[in-house]
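Reader: I am a first-year student, and I would like a close look at one part of this protein. Please take the salt bridges and follow them into their surroundings.

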Amino acid sequence: MNNAKTTSFHPAHRVASLLAVSALALGLAACNKTEEPTVGQRLDSAVEKTEQAAADARAKAEAAMQSAETKMEKGAASAEATAKQAADTAKGAIDDATITAQVNAGLAKDPDLSAVKINVDTVNGKVTLNGPAPSTVARDRAETIAKAVSGVTSVNNQLVVNAS
């Protein structure tokens, strides 16, 4: 009878052992599987990705703004330099015209020099005198009159003395 109990106990024990081993194997296999993220985990991940994308976009926008600001500053500096150069050029032209007018007025006051016959040309403060002069003394006096005008840097006296 002892044998009968052992024989009948063994298959039941064997089935129970087999079920226990199977359950253990399934349990271990389930541990190796990755769990699906929960709704909360998926939401946290989406929020993190959105925050990173926003930070990247903000950095790009700041870099673009800095670049645009630099370009605007360079453009403004260039425009300022161009305007200053144009103003200096205009001032130079006005100064040259003023010098020419003052030299002509000085020549017209001299009884021996003909302001109508003498051509006065001024470029950057340099005066050139062309035309006839009645004498060497009158020729030299025309140069002296031109040199006396404010703003004149040099005089190129090309007046020709007429032989009488």
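Author: What follows starts with the whole chain, goes on to the salt bridges, and ends with the parts around them.

This is a predicted model, in which local features need pLDDT of at least 70, side-chain atom pairs count only at pLDDT 80 or more, and totals for chains, interfaces and linings use all residues. Residues are numbered from 1 along each chain as its sequence is written, and side-chain values use heavy atoms, with hydrogens and water left out.

First, the overall layout. The protein chain has three helices and three strands. Helices (H or I, at least four residues) and strands (E, at least two) are DSSP runs, numbered from the N terminus. Their order from the N terminus is α-α-β-β-α-β. Of the 164 residues, 16% count as buried. Buried means under 20% relative accessible area, exposed means over 50%, and partly exposed lies in between (1.4 Å probe, protein chains only).

Now the salt bridges. The structure holds three of them. A salt bridge is a side-chain nitrogen of Lys or Arg within 4 Å of a carboxyl oxygen of Asp or Glu. Side chains of opposite charge can pair when their charged atoms come close.

Take Asp-110 and Arg-141. Their side chains form a salt bridge at 2.4 Å, N to O. Asp-110 sits in the loop between α2 (39–109) and β1 (119–123), and Arg-141 sits in helix α3 (residues 136–147), so this pair ties together parts that are 31 residues apart in sequence. Asp-110 is buried, at 10% relative accessible area. Arg-141 is partly exposed, at 27%.

Arg-141 also forms a salt bridge with Asp-112, at 2.8 Å, N to O. Asp-112 belongs to the loop between α2 and β1, and Arg-141 to helix α3, so the pair ties together parts that are 29 residues apart in sequence. Asp-112 is partly exposed, with a relative accessible area of 45%. Through shared partners, salt bridges join Asp-110, Asp-112 and Arg-141 into one network.

There is also a salt bridge between Glu-143 and Lys-147, at 3.2 Å, N to O. These two residues are four apart in helix α3, so about one helical turn separates them.

Glu-143 leads on to Asn-157. The side chains of Glu-143 and Asn-157 make a polar contact at 3.2 Å. A polar contact is a pair of N or O atoms within 3.5 Å; within protein, one must be able to donate a hydrogen and the other to accept it, and residues adjacent in sequence count only if both atoms are side-chain atoms. Asn-157 lies in strand β3 (residues 154–161). Asn-157 is buried, with 11% relative accessible area. A polar atom of the Asn-157 side chain lies 3.0 Å from the backbone nitrogen of Leu-159. Leaving out residues up to four places away in sequence, Asn-157 touches Leu-129, Arg-139 and Glu-143. Contact means heavy atoms within 4.5 Å.

Next, the nonpolar side. A nonpolar core is a set of buried Ala, Val, Leu, Ile, Met, Phe, Trp, Tyr and Cys residues joined through side-chain atoms within 4.5 Å. In soluble globular proteins, nonpolar side chains tend to be buried together. The largest core here has 17 residues, and those that touch the most other members include Val-103, Val-120 and Leu-129. Two or more residues come from each of α2, β2 (126–133), α3 and β3. Helix α3 gives the most, with four residues. Not counting residues up to four places away in sequence, Val-103 touches Val-120, Leu-129, Ile-145, Ala-146 and Val-149.

Val-120 and Leu-129 also bring in the strands. Val-120 stands opposite Leu-129 in β2. Strands β1 and β2 run antiparallel and are joined by five bridges. Two strands pair if DSSP finds at least two bridges between them. In a regular strand the side chains alternate between the two faces of the sheet. The covered face of β1 holds Val-120 and Thr-122, and the uncovered one holds Asn-119, Asp-121 and Val-123. The hairpin of β1 and β2 has two residues between the strands, and Asn-124 takes a positive phi near 55° there.

Finally, Asp-96 meets this hairpin. Asp-96 is in helix α2. Asp-96 counts as buried, at 13% relative accessibility. Beyond its neighbours within four places in sequence, Asp-96 is in contact with Thr-122, Val-123, Asn-124 and Gly-125. Asp-96 and Lys-126 are 30 residues apart along the chain, and 8.4 Å separates their C-alpha atoms.
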